[in-house]
Amino acid sequence: MYKSVIIGVGGGRAHGHADAYQYVKRGRVVAVCDLRPKAMDDFADKYDVKARYTDYREMFEKEKPDLAQVSAPPNLRLEVLEAAESAGVPAVLVEKPLAIQGEDYLALRNFAARKPKVKIAINHQLQFHPCRQRLQKLVEDGAIGNIRFIEASSGMNLAYQGTHSLQAIGAFNPAAPSAVFGQVSGVKGLQPNRQEHYAPDQSLAAVEYDNGVQASLRCGENAPRVPRGGAIWQHKRIAVYGMSGYVHWTMWGWETFIDGAYESGEHEYPEEDVLGQAAMCEAMFDWLEDDSKIHPLNLERALVDFNVILALYASALNHKVIELPYQPEADLVPKLRQALAD
Ligand SMILES: NC(=O)c1ccc[n+]([C@@H]2O[C@H](COP(=O)([O-])OP(=O)(O)OC[C@H]3O[C@@H](n4cnc5c(N)ncnc54)[C@H](O)[C@@H]3O)[C@@H](O)[C@H]2O)c1
C-alpha cells in the first residue's frame, strides 16, 4: 500500500483529497501537515489520521511518503517540490494554480529543466472525471472528426479556475499552443489575498495551437453560465467542435452531436469529482510503477499551459499577439494591477 501525505489541510480543498481515498485502491493517507494545529486536528480527526506535523520537511523525513499531495497556496510550490526532491519523495501531486506570475513560473521551469527524480503532476482532476473521460475518448477516437474549434470557460478567474479550463482544452487537443491574443479587465482579483491567487476579474483569450485548432477561453465574470446554475465555481464548461459534430461538457451535464444524432444527460459534479480525484491518484501510482506511464497532468504540460496565461497577460498589457513559448516579463501582476486600476 502506498503511503500518501497531505500538506495544507486547514482549508476546504484538502477534504477533496482525503475523500478520494475511499476509492483509491493502492494508497492511504498516513500523515498530514498544516501550520494551523487546530484546523489540522479537525481535519485529521475527521479522517482518522494519527500523524500530524506543522513542518512538512520533518514529515518527509519521518514518514518517507510515496506521494505528497499539496493543497497549500501557490507561493509554496517551488519550496515544497525542492524539499520533496531532496528528501527523496518519489511523487508529488500539487494543487492548481501551478504558479502566480512570471518569476515563480520561471523558477519552476528551471527546476523542471534540472530533471529532478521526483515525479510531479498538477491536481486538475477533471481530466479523470468519468464523463470527461468518456467525451475525451470519443474525440480521441475521431467521433467528431478533426477538431476545428474549442470553446472553454469558467465562472471564476484564471487563478481560481481558468487553469482547469485551459487544461481541458489540452485534454481534448494535446497540441502545442502557438499564439495568444487576449483582453482582461477588473482589479478585484489582483488585490493581496491570503490564498495568493491573483488574476483579473474577467478575461478572454483566442489561443492558436500548432495543429491549426483555435480555442476561445473566457474566465471570470464574463463567462457564460452553466444550465442548473449554482455558485460561481459551478460554471466550468468546454465545447469541442469537429468536422462531423461536437461534444459539450459542463459541471452538471453533457451533450454530444455526432453524425446528426443529438444526445444529452446530467451528472452530479461531487460524485464525478471524488471519482476523478481517486483515478488521478491511481495514475500517479501507475507512473511510480512504470516510468513509461507518464501522468497526463505532468509538470511539463502544466508549464506549457501556464505559459499561455502569462502570454494572455502580456497580450492584454501590450496590445499585441504573443507568440509562444513566451519568455515572461517581470512583475506581470503588479503591472496588471496598475493598468486595470479605476
Ligand atoms: N482542484 C480543485 O478542484 C480545487 C478546488 C478548490 C481549491 N483548489 C486549490 O487548492 C489549494 C488550496 O485551496 P484551499 O481553499 O483549501 O486554500 P486555503 O488557503 O483555505 O488552505 C490552505 C491551507 O494551507 C496551509 N498552509 C499554508 N502554508 C503552509 C505551510 N508552509 N505548510 C503547511 N500548510 C500550510 C494553510 O494554513 C491552510 O490551512 C489552492 O491552490 C486552490 O486553488 C483546487
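Author: Two strands pair if DSSP finds at least two bridges between them. Residue numbers start from 1 along each chain, following the sequence as written. The model is predicted, with pLDDT of at least 70 needed for local features and 80 or more for side-chain atom pairs, while totals for chains, interfaces and linings use all residues.

Reader: Good to know! How do you know that strand 11 and strand 12 pair?

Author: Strand 11 (residues 237–242) and strand 12 (residues 245–250) are joined by six bridges; as at least two are needed, they count as paired. They run antiparallel, and Y241 faces Y246 of strand 12. Strands here are DSSP runs of E with at least two residues, helices are runs of H or I with at least four, and both are numbered from the N terminus.

Reader: What is the order of the sheet of nine strands, and what makes two of its strands edge strands?

Author: The order is 14-13-12-11-7-10-9-8-15, in an open sheet with mixed pairing. Strand 14 (261–266) and strand 15 (322–323) are the edge strands, since each pairs on one side only.

Reader: And why is the pairing in this sheet called mixed?

Author: In general, strands of a sheet pair through backbone hydrogen bonds, either parallel or antiparallel. Take strand 7: with strand 11 it forms six bridges and runs antiparallel, and I147 has G242 as its bridge partner there. With strand 10 (residues 214–220), strand 7 pairs in the parallel sense, also over six bridges, and I150 has A215 as its partner.

Reader: Which strands does the other open sheet, the one of six, hold, and in what order?

Author: Its order is 3-2-1-4-5-6, and the pairing is parallel. Strand 3 (51–53) and strand 6 (119–122) form its edges, each pairing on one side only. From one strand to the next, the twist averages 25 degrees; axes are lines fitted to C-alpha atoms (for helices over the stretch in contact), and angles run from 0 to 180 degrees between N-to-C directions.

Reader: How do you know that helix 2 packs on that sheet?

Author: Helix 2 (residues 37–47) touches strand 2 (27–33) and strand 3, where contact asks for C-beta atoms, placed from the backbone, within 7 Å. The direction of helix 2 makes about 160 degrees with that of strand 2.

Reader: Which neighbours in this sheet have bridges that I could look up?

Author: Strand 1 runs parallel to strand 2, joined by six bridges, and Y2 has G27 as its bridge partner. Strand 4 (residues 67–70) and strand 5 (residues 91–94) pair in the parallel sense over four bridges, with L67 opposite A91. Strand 5 and strand 6 are parallel too, joined by four bridges; there V94 stands opposite I122.

Reader: Why is strand 1 called largely enclosed?

Author: A residue is buried if 20 or more other C-beta atoms (placed from the backbone) lie within 10 Å of its own, exposed if 12 or fewer do, and partly exposed in between. Five of the six residues of strand 1 (residues 2–7) are buried, so the rest of the structure largely encloses this strand. Strand 6 has both faces covered: K119 and A121 on one side, and I120 and I122 on the other, are all buried.

Reader: Why is R36 called partly exposed?

Author: R36 has 14 other C-beta atoms within 10 Å, which falls between 12 and 20, so it belongs to the class in between. R36 sits in the loop between strand 2 and helix 2.

Reader: What makes the chain two domains, and where do they touch?

Author: The bounds come from an automatic or database domain assignment, which gives domain 1 (2–125 + 274–298) and domain 2 (128–268 + 304–323). Their centres, taken over C-alpha atoms, are 25 Å apart. In contact are 16 residues of domain 1 and 13 residues of domain 2. Helix 5 (102–113) and helix 8 (269–289) each give two or more residues to the domain 1 side, and helix 8 gives the most, with four.

Reader: Finally, which residues come nearest to the ligand, and how does its shell divide by class?

Author: There are 24 residues around the ligand, and G8, G10, G11, R13 and E95 come nearest; to be near, a residue needs its C-beta atom, placed from the backbone, within 6 Å. The shell has eleven nonpolar, eight polar and five charged residues. Nonpolar means Ala, Val, Leu, Ile, Met, Phe, Trp, Tyr, Cys and Pro, charged means Asp, Glu, Lys and Arg, and the others are polar, Gly among them.

Definitions and conventions: Contact = placed C-beta atoms within 7 Å.
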